[in-house]
Amino acid sequence: MSAVTTDPGYWFRAYQLLFAASFPIPEMMTAEPVTADQEQVPDVLIRSAEFPDRLTNPLGSSGVHEVNADALILRVADVGRYLVREGREILIDRDPDATDHDVRVYLLGTCMGALLHQRGFLVLHASGVVTDRGCLLFTGESGAGKSTLLAEFLHRGHKMVVDDVCAVRFDSADRPIVVPSYPRTRLWADAADRFAIDTSGLARTRPSWDKFERQVGEQFWDQEEPVRHVFHLVGPQDSDEISLERLAPMDAFSTLVDNTYRGILLDGMDLRSSHFDLASRAARSVEVTRVARPLGSDTVEELANRILASVGAR
Amino acid sequence: MDTVVQRRGDLLANDLSASETVMLDVAGGTYYGLKDVGKMIWDHLVSPIRVDELCGRLVDQFEVDPDVCRQETMAFLETLHERGLVIVV
């Protein structure tokens, strides 16, 4: 590992880790700057650099990635190449035509997910809000209504702890704890319309994708929070009403495995068995509820009411 | 009935509750789940055991008809064996 000898310039805190980067990352919360008499060592260093095209001993690969127990190389056409290694460093060799924003989309997505896997977290594809009954996590396929539901909880004044790449650790009593990410959420244009959020000044997550980003500011919860409930949203059903079905532990386990962030990388990262332990531990103490809503009607308020009522939260 | 069976040694298994367990076949990348009686039989297979000894224990545990128990246990063990989860010692 290369030692940090100079201040790379930009300092952030996310996932309870101190990041130092050679460029701004406006999605993350700025950390205290380095003081002259005290050398600050980041947990994770992010910088632009050149690096070899291949890993020496990949355990997994595809047209766009190579991975082994220590590192991931990700190649994104027209954006650049990324190297994520040992949970401590992300190198970026960017395409000259890439926009800063495009570079950050993959940095904060796949690369951050891989980094958190490397650091031993249970990494879920989930968003989370805080209630008086702890953190509620929402999982679900795209189109299942996750973004809209998160927007509804924010609209009601709940605080968001994570959106998208969700890191869970276990405390000394083996309870799952969600680690706060950073105060940015993504929402689809229709969800934005519904809540009358002005999207004209917001950055699009990718050109042509109709998904917008929004900083949630004071509505970000920057503390670790126990997770007792996961709500898994499935696509609209041909039925008249919303249904909430508490899953047996085995189905809860499957849901956590299926909603692991970039789970396809686990074998190549040599993390399949440790992830099995993490998912089992989570399935023992988290209640997972399958949530289905009726086709073709706007039910998000009722959905939020039902979810809150099911855990006795307000 | 004097066949001796045992769990395959390299399977990972974690209990999710008193009546449910999940297994991972790391080499094949496949997850399996067992519950209730299946889980109890699995618990007995932690070390080598003769099939008739296993059936005897289950008859004691569940107060079922010995013939029915033997038949259903054999069918279950065959399923586990076909999937490579148990080995004949």
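Among the elements of chain A, helix H3 (residues 189-194) has the lowest mean pLDDT, 65, and strand E13(A) the highest, 98. pLDDT is the predictor's confidence in each residue, on a scale from 0 to 100. Helices (H or I, at least four residues) and strands (E, at least two) are DSSP runs, numbered from the N terminus. This is a predicted model, in which local features need pLDDT of at least 70 and side-chain atom pairs count only at pLDDT 80 or more, while totals for chains, interfaces and linings use all residues. Residues are numbered from 1 along each chain as its sequence is written, and chains are lettered from A and ligands numbered from 1 in the order in which they are written.

**Confidence**

- The model scores ipTM 0.90 and pTM 0.91.
- Chain A averages a pLDDT of 90, and 91% of its residues score at least 70.
- Chain B averages a pLDDT of 93, and 100% of its residues score at least 70.
- Where pLDDT is low, the predicted coordinates should not be read in detail.

**Where the chains meet**

- Twelve residues of chain B are in contact with 13 residues of chain A. Two residues are in contact if their C-beta atoms, placed from the backbone, lie within 7 Å.
- On the side of chain B that touches chain A, strands E2 (12-17), E3 (20-25) and E4 (30-35) of chain B each give two or more residues.
- The largest share of that side, four residues, comes from E2(B).
- The residues of that side of chain B divide into six nonpolar, four polar and two charged. Here Ala, Val, Leu, Ile, Met, Phe, Trp, Tyr, Cys and Pro count as nonpolar, Asp, Glu, Lys and Arg as charged, and the others, Gly among them, as polar.

**Two domains in chain A**

- Chain A is assigned domain 1 (10-118) and domain 2 (122-311). These bounds come from an automatic or database domain assignment.
- The C-alpha centres of domain 1 and domain 2 of chain A lie 24 Å apart.
- Across the boundary, 22 residues of domain 1 of chain A are in contact with 20 residues of domain 2 of chain A.
- Helix H1 (residues 100-118) of chain A gives the largest share of the domain 1 side, ten residues.
- That side of domain 1 divides into twelve nonpolar, eight polar and two charged residues.

**Helix H3 of chain B**

- H3(B) runs over residues 66-82, and at 1.5 Å a residue its 17 residues should span 24 Å. The expected span is 1.5 Å times one less than the number of residues. The end C-alpha atoms of H3(B) are 24 Å apart, which agrees.
- The buried residues of H3(B) are Cys69(B), Thr73(B) and Leu80(B). A residue is buried if 20 or more other C-beta atoms lie within 10 Å of its own, exposed if 12 or fewer, and partly exposed in between, with C-beta atoms placed from the backbone.
- These buried residues cover an arc of only 20° around the axis, so they sit on the same side of H3(B). The arc is that of the directions from the helix axis to the C-beta atoms.
- An α-helix has 3.6 residues a turn, so residues three or four places apart point the same way.
- The other side of H3(B) has exposed residues: Asp67(B), Val68(B), Gln71(B), Ala75(B), Glu78(B), Thr79(B) and Glu82(B).
- The cover over the buried residues of H3(B) includes helix H1 (36-44), helix H2 (51-62) and strand E6 (86-88) of chain B.
- Just after H3(B), Gly84(B) takes a positive phi of about 75°.

**Helix H2 of chain A**

- Helix H2 (residues 146-155) of chain A is mostly covered, with nine of its ten residues buried.
- Among the buried residues of H2(A) are Lys146(A), Glu152(A) and Phe153(A).
- Gly157(A), just after H2(A), takes a positive phi of about 100°.

**Positive phi outside glycine**

- Asp164(A) is a residue other than glycine, yet its phi is positive, near 95°. It lies in strand E12 (residues 159-170) of chain A. Asp164(A) counts as buried because it has 20 C-beta neighbours inside 10 Å.
- Asp174(A) is not a glycine either, and has a positive phi of about 65°. It is found in the loop between E12 and strand E13 (176-179) of chain A. Asp174(A) is exposed, because 10 other C-beta atoms lie within 10 Å.

**Ile307 of chain A**

- Ile307(A) lies in helix H6 (residues 300-311) of chain A.
- Ile307(A) is buried, with 24 other C-beta atoms within 10 Å.
- Leaving aside neighbours within four places in sequence, Ile307(A) is in contact with Leu136(A) and Phe231(A).
- Ile307(A) and Arg156(A) are 151 residues apart in sequence, and 13 Å apart in space, C-alpha to C-alpha.
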